[in-house]
Amino acid sequence: MKRLLITGAAGGLGSVMRDKLAHLADTIRLSDMSDMGEAKSNEEIVTCDLGDAAAVEDLVKGCDGIVHFGGKSTEGPWSVINNANIQGVVNLYEAARKHGMPRIVFASSNHAIGFYRQDQVIDNTVYPRPDGLYGVSKVFGEAMANAYHDKFGQETAIVRIGSCFPEPRNHRMLSTWMSYDDFARMIERIFDVPKLGCPIIYGASANTATFWDNSKVAWLGWQPQDNSESYRAQVDANTPKPAPDAPDVLWQGGMFCADTIHEE
Ligand SMILES: NC(=O)c1ccc[n+]([C@@H]2O[C@H](COP(=O)([O-])OP(=O)(O)OC[C@H]3O[C@@H](n4cnc5c(N)ncnc54)[C@H](O)[C@@H]3O)[C@@H](O)[C@H]2O)c1
């Protein structure tokens, strides 16, 4: 690619992927509303709010691919989620429609399906069961991706990210953890395949413990190489094992399922 846009570039995933995806394009355009530091020689920095349609249109113009990490990444007041994850996603897809429909990686979340039980293995055909307003906003983003694919041919990889952190932090994350390297390998495949369409991919490493089945997207050729099992002893030693009826044990979305509505 000539130019790859990474939104949410100041965030946890954006700041890691900024380097790990640098080889995918001549220029990496980074965007966030927070400080992203200095631009390296292959980078452009654009500060903007995803809720600002005109700014997002300018942001997307001239990009051949988009990795969309920007947005509210936890529960919060509806006005914040609405601006970043609803209006922001509408702005992104409208900008993409007007500017050559660059392929999009949409950072969806396990919280779009958080109210499936952990003792159930689900694939990418299940009906969404969001576990709060944040999860609902991710279901909205998935629906936008589908509508723009069916209506205009816009391609998106919808990635229901589990827990993409340096290491799993608790027992639930032994099932949901995805290493940064496995995610970078997935994104490489997404931009490599000749035809993408609009698949849903569960974002987890090759963990021995799992409740997600990615067999319907085997054609992507993504082969995660890391396994949370190597952290099991560390998790056992450092975190108390939750009770068998705790939300973190019952539900795929874990503690988000027990969270409340965050009033303004
Ligand atoms: N890290 C994970 O394990 C995980 C799991 C599930 C889903 N996700 C999704 O992946 C994406 C990245 O996650 P993260 O962990 O890096 O989150 P993060 O909160 O660290 O980063 C999100 C970034 O988006 C920016 N942002 C928020 N609202 C914005 C707005 N209105 N305009 C412009 N920028 C805005 C924030 O400033 C932040 O830098 C998010 O969309 C999140 O919902 C992440």
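**Briefing: a loop residue, a parallel sheet and a ligand shell**

Methionine 101 is found in the loop that lies between helix 3 and strand 5. The model is predicted. Its seven strands form an open sheet, and the pairing is parallel. A ligand has 26 residues around it.

**The loop at methionine 101**
- Phi of methionine 101 is near 45°, a positive value in a residue other than glycine.
- Most residues other than glycine have a negative phi.
- Methionine 101 has 17 C-beta neighbours inside 10 Å, so it counts as partly exposed. A buried residue would need 20 or more, and an exposed one 12 or fewer.

**The sheet**
- The strand order is 3-2-1-4-5-6-7.
- Strand 3 (43-47) and strand 7 (200-203) are the edge strands, and each pairs on one side only.
- From one strand to the next, the twist averages 20°.
- Strand 1 (residues 3-7) has four of its five residues buried, so the rest of the structure largely encloses it.
- Strand 1 and strand 2 (residues 27-32) run parallel, joined by five bridges. Arginine 3 has threonine 27 in strand 2 as its bridge partner.
- Strand 6 (residues 156-161) and strand 7 also run parallel, joined by four bridges. Here isoleucine 161 has glycine 203 in strand 7 as its bridge partner.
- In a regular strand, side chains alternate between the two faces of the sheet.

**Helix 4**
- Helix 4 (residues 133-152) has 20 residues.
- From its first C-alpha to its last, helix 4 reaches 28 Å, close to the 28 Å expected at 1.5 Å a residue.
- Buried residues in helix 4 include Leu133, Tyr134, Phe140, Met144 and Tyr148. Lys138 and Glu142 are also among the buried residues of this helix.
- The cover over the buried residues of helix 4 includes helix 3, strand 5 and strand 6.
- Glycine 153 comes just after helix 4 and takes a positive phi of about 85°.

**The ligand shell**
- Of the 26 residues around the ligand, Gly8, Gly11, Leu13, Ser73 and Ala107 come nearest.
- Helix 1 (12-20), helix 3 (78-98) and strand 5 (103-109) are the elements that give two or more residues to this shell.
- The shell residues divide into 10 nonpolar, 13 polar and three charged.

Note on methods. Residues numbered from 1 in each chain as written. Predicted model: local features only at pLDDT ≥ 70, side-chain atom pairs only at ≥ 80, totals over all residues. Near = placed C-beta within 6 Å. Nonpolar A, V, L, I, M, F, W, Y, C, P; charged D, E, K, R; others polar. Pairing = 2+ DSSP bridges. Axes fitted to C-alpha atoms, helices over the stretch in contact; angles between N-to-C directions. Expected span 1.5 Å × (residues − 1). Contact = placed C-beta atoms within 7 Å.
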